[in-house]
Amino acid sequence: MSFTCKHLSIATGEHMLVNIDFHIAHSMALVGQSGSGKSLTLKALLGMAPQRLHVHLDYEAPFALERGKSVGFVPQNPFTALSPLTRIRAQFFHPEPELFCAMVKLDPVLLDRYPPELSGGQLQRVAIAMALSHRPKLLLMDEPTTALDAATREQVLEMIKQLQEELGLLILFVTHDMHSAALVCQEIAILNAGEIVERGEMASLVAAPSHPYTKALLAAGFATRGFRQ
Ligand SMILES: Nc1ncnc2c1ncn2[C@@H]1O[C@H](COP(=O)(O)OP(=O)(O)OP(=O)(O)O)[C@@H](O)[C@H]1O
Ligand SMILES: [Mg+2]
């Protein structure tokens, strides 16, 4: 199973905001700085781009893109995506949320708590479990670990990688952080001002980046933490 975006363009009346194509064989990181078009790309794939924008999407996949069914979504900040006044269990669409707690290594006891009673890392696991409860084929993740502290982030990233391998999900992982991207994904596309300037296998691109923008991102992302896969 793979997903090919043959062409995606998102434009206002005057400007082209995103104009890309890509292929996801396993897990692809879409990396770019703030304003490069990462979230707009995900919104367009979910069919949720702002109505006044012009979206053109042409894709090839063994499933139809349907949000909440074949396509799951994990937001950047799970706390804003959950109602604070409703127990977590009641916010699942699935009758047996326990099934998905095991997948994300979340204690099922937490299902009967309210979101403000959980830590950021626990909430992010809840958000991922909720996305998995729709049994998606393609999981879109928008900076899923940016709000977490460094140690928790590494645990959640490792878990996402394992989920991809165990469930055979396709993952599109949006981030501005090359380090996170390299921990989770086998493939990478570098987005700059709405265009993909470089793409390839993660390991080879990290070892030998050719575009100056990729080199700058790598220098920023690995300067202090180093690369490990
Ligand atoms: N509804 C909209 N109408 C017009 N322009 C928009 C709209 N939404 C976003 N844009 C523009 O599209 C570009 C990409 O925005 P997007 O939210 O996709 O960035 P991003 O890569 O997700 O950035 P960040 O890392 O800050 O989340 C930006 O220049 C933004 O101003
Ligand atoms: Mg964004």
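**View 1. The open sheet of 3 strands, in the order 2-1-4, is built with antiparallel pairing.** Its edge strands are strand 2 and strand 4 (54-60), each of which pairs on one side only, and the twist from one strand to the next averages 5 degrees. The model shown here and in the other views is a predicted one. Strand 1 (residues 3-11) and strand 2 (residues 16-24) run antiparallel and are joined by 7 bridges, while a hairpin of 4 residues leads from strand 1 to strand 2. Within this pair, Ser9 stands opposite Asn19 in strand 2. Strand 1 is also joined to strand 4 by 7 bridges, again with the two strands running antiparallel, and here Ile10 has Val55 of strand 4 as its bridge partner.

**View 2. A second open sheet, of 6 strands, follows the order 5-6-7-3-8-9 and has mixed pairing.** Strand 5 (71-74) and strand 9 (195-201) stand at the edges of this sheet with a single partner strand each, so one side of each is left without a neighbour in the sheet. From one strand to the next, the twist averages 15 degrees. As background to the pairing in this view and the preceding one, strands of a sheet pair through backbone hydrogen bonds, and they do so either parallel or antiparallel.

**View 3. Strand 3 (residues 27-31) pairs in the parallel sense with strand 7 (residues 170-175) and runs parallel to strand 8 as well.** The pairing with strand 7 extends over 5 bridges; in it, Ser27 stands opposite Ile171, and Met28 has Leu172 as its bridge partner. Strand 3 is joined to strand 8 by 4 bridges, with Ile190 of strand 8 as the bridge partner of Val31. How many of the residues of strand 3 are buried? The count is 5 of the 5, so the strand is largely enclosed by the rest of the structure. The side chains divide between two directions, with Ser27, Ala29 and Val31 pointing one way from the strand and Met28 and Leu30 pointing the other way, and all of these residues are buried.

**View 4. Helix 1 (residues 38-45) lies across several strands and contributes to the shell around ligand 1.** The strands that helix 1 crosses are strand 3, strand 5, strand 6 (138-142), strand 7 and strand 8 (187-192), and the helix runs at about 150 degrees to strand 6. Around ligand 1 there are 13 residues, of which Ser34, Lys38, Ser39, Leu40 and Pro50 come nearest. Helix 1 supplies the largest share of this shell, 3 residues. Sorted by class, the shell has 4 nonpolar, 8 polar and 1 charged residues.

**View 5. Helix 5, which lies across strand 5 and strand 6, is mostly covered.** The helix runs at about 170 degrees to strand 5. At 1.5 Å a residue, its 13 residues should span 18 Å, and this agrees with the model, because the end C-alpha atoms are 18 Å apart. Of these 13 residues, 12 are buried, among them Leu123, Val126, Ile128, Met130 and Leu132, and also Gln122, Gln124 and Arg125. The buried residues pack against strand 5, helix 2 (78-81), helix 3 (88-91), helix 4, strand 6 and helix 6 (150-167). In general, an α-helix has 3.6 residues a turn, so residues three or four places apart point the same way.

**View 6. Asp112 lies in the loop between helix 4 (98-103) and helix 5 (120-132).** Is this residue, Asp112, buried or exposed? Asp112 counts as exposed because it has 11 C-beta neighbours inside 10 Å, and the cut-off for that class is 12 or fewer. Once the neighbours within four places in sequence are left aside, Asp112 is in contact with Arg87 and Arg89. Pro95 stands 17 residues from Asp112 along the chain, and the C-alpha atoms of these two residues are separated by 13 Å.

Terms used
Residues are numbered from 1 along each chain as its sequence is written. Chains are lettered from A and ligands numbered from 1 in the order in which they are written. This is a predicted model: local features need pLDDT of at least 70, side-chain atom pairs count only at pLDDT 80 or more; totals for chains, interfaces and linings use all residues. A residue is buried if 20 or more other C-beta atoms lie within 10 Å of its own, exposed if 12 or fewer, and partly exposed in between; C-beta atoms are placed from the backbone. Two residues are in contact if their C-beta atoms, placed from the backbone, lie within 7 Å. Two strands pair if DSSP finds at least two bridges between them. Axes are lines fitted to C-alpha atoms, for helices over the stretch in contact, and angles run from 0 to 180 degrees between N-to-C directions. A residue is near a molecule or strand if its C-beta atom, placed from the backbone, lies within 6 Å of it. Ala, Val, Leu, Ile, Met, Phe, Trp, Tyr, Cys and Pro count as nonpolar, Asp, Glu, Lys and Arg as charged, and the others, Gly among them, as polar. The expected span of a helix is 1.5 Å times one less than its number of residues.
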